[in-house]
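Here's a quick tour to read with the structure open beside you. Grab your viewer and follow along, topic by topic.

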Amino acid sequence: MLINCEIGATDKGYAQDEQVISMIDIACICCMDDGCSQAHLQRYMKMAAAHGVKVAAYLGVNEDINGRDMKALFTCLDEQWENFIGFECVKFKGDLYHYANRSAELAEELALWLKNRGVQEVIAPYRSMLHKACNNENIAVYYEAYADIAYTKMQMGLELMSRDHLSDEIRAIDDVRRQVRAIKRGSIEIEGVNYLIEADTISVNMATEDALEKIEMIAGILK
């Protein structure tokens, strides 16, 4: 099982980002912020190459774009994609990640957009709408689970809790360890019931202060 993390989306600087890259398998390079220049992207790509780490384009939408405004959404993605031409792997970010996993219509539009740009691999949750849509377009999917975000049971299967939910983030390192071990076993317990979860890759929320500690701990469990 692989570890993936977002890179370049925090203000902690290149030194910590390189430390993270040296500990993971897939670097999801963010290209939404004003500071995400070509020089910025090339620097991260060189870091990843030096450590033998796979890279993925980490694409999102601005806060004022919602899942129903397709034209604005894809214009935003097109603008980011100009910096990532040639990337074979993509992960979506934030609200777009959640919308794509719940909405069959949006997932189908995104899968077609990815196919038309030559993307061959996507990071997405198992049994999500995006997973199904990418399968239909012959785009390979890395099944993803989060180490430090809580899950809830939805009709289609397990789903991450909304980020505006008060209890979405798993803060205690022991609780993160417990969730990673559950993911490795293939089932997560919610209110006394075990639910199937499949994952090829585990992600860590890099906005937390103890992200490096979590990554090191997860790497030890997955060995």
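C76 counts as buried, with a relative accessibility of 6%. That's a handy way into this model, which is a predicted one. Its centrepiece is a closed barrel of seven strands, running 1-2-3-4-5-6-11 with parallel pairing. Neighbouring strands in this sheet are turned by 30° against each other on average, direction ignored.

**Cysteines**

- C76 has company in C30, which comes out at 0% relative accessibility and so counts as buried.
- How many disulfides does a search of the whole structure find? Zero.
- For reference, a disulfide is a covalent bond between the sulfur atoms of two cysteines.

**Strand 2 and its neighbours**

- Why is strand 2 (residues 26–30) described as largely enclosed by the rest of the structure? Because five of its five residues are buried.
- Look at strand 2 from either side and you'll find it covered: I26, C28 and C30 are buried on one face, and A27 and I29 are buried on the other.
- Strand 1 runs parallel to strand 2, and four bridges join them.
- If you want a landmark for that pairing, E6 has C28 in strand 2 as its bridge partner.
- On to strand 3: five bridges join it to strand 2, and these two also run parallel.
- Here the landmark is I26, which stands opposite K54 in strand 3.

**Strands 3 and 4, and the helix across them**

- Strand 3 (residues 54–59) pairs with strand 4 (residues 89–92) in the parallel sense, over three bridges.
- Within that pairing, A57 sits opposite V90 in strand 4.
- Which strands does helix 4 (residues 94–102) lie across? The answer is strand 3, strand 4, strand 5 (121–124) and strand 6 (140–146).
- Against strand 4, helix 4 runs at about 95°.
- Y99 lies in helix 4, and its relative accessible area of 32% makes it partly exposed.
- Y99 and L130 are 31 residues apart along the chain, with their C-alpha atoms separated by 9.2 Å.

**Salt bridges**

- There are 11 salt bridges in the structure; here are a few to click on.
- E6 and K93 meet through their side chains in a salt bridge, at 3.7 Å from N to O. This pair links distant parts of the chain, 87 residues apart: E6 belongs to strand 1 (residues 2–7), while K93 is in the loop between strand 4 and helix 4.
- Is E6 buried or exposed? It counts as buried, at 15% relative accessibility. K93, on the other hand, is partly exposed, with a relative accessible area of 21%.
- The side chains of R102 and E159 form another salt bridge, at 2.5 Å from N to O. R102 lies in helix 4 and E159 in strand 8 (residues 157–160), so this pair ties together parts that are 57 residues apart in sequence.
- On the accessibility side, R102 counts as partly exposed at 38%, whereas E159 is buried with a relative accessible area of 9%.
- E169 and R171 also meet in a side-chain salt bridge, at 3.5 Å from N to O. Which residues make up a network of salt bridges with shared partners? D148, D210 and K214 are joined into one.
- Back to the E169 pair: E169 is partly exposed, with a relative accessible area of 23%, while R171 counts as exposed at 62% relative accessibility.

**H131 in helix 6**

- You'll find H131 in helix 6 (residues 129–136).
- H131 is buried, with a relative accessible area of 6%.
- What does H131 touch, leaving aside residues up to four places away in sequence? Its contacts are P125, Y126, V141 and Y143.

Conventions:
Residues are numbered from 1 along each chain as its sequence is written. This is a predicted model: local features need pLDDT of at least 70, side-chain atom pairs count only at pLDDT 80 or more; totals for chains, interfaces and linings use all residues. Side-chain values use heavy atoms; hydrogens and water are left out. Two strands pair if DSSP finds at least two bridges between them. Axes are lines fitted to C-alpha atoms, for helices over the stretch in contact, and angles run from 0 to 180 degrees between N-to-C directions. Contact means heavy atoms within 4.5 Å. Buried means under 20% relative accessible area, exposed over 50%, partly exposed in between (1.4 Å probe, protein chains only). A salt bridge is a side-chain nitrogen of Lys or Arg within 4 Å of a carboxyl oxygen of Asp or Glu. A disulfide is a pair of cysteine sulfur atoms within 2.5 Å.
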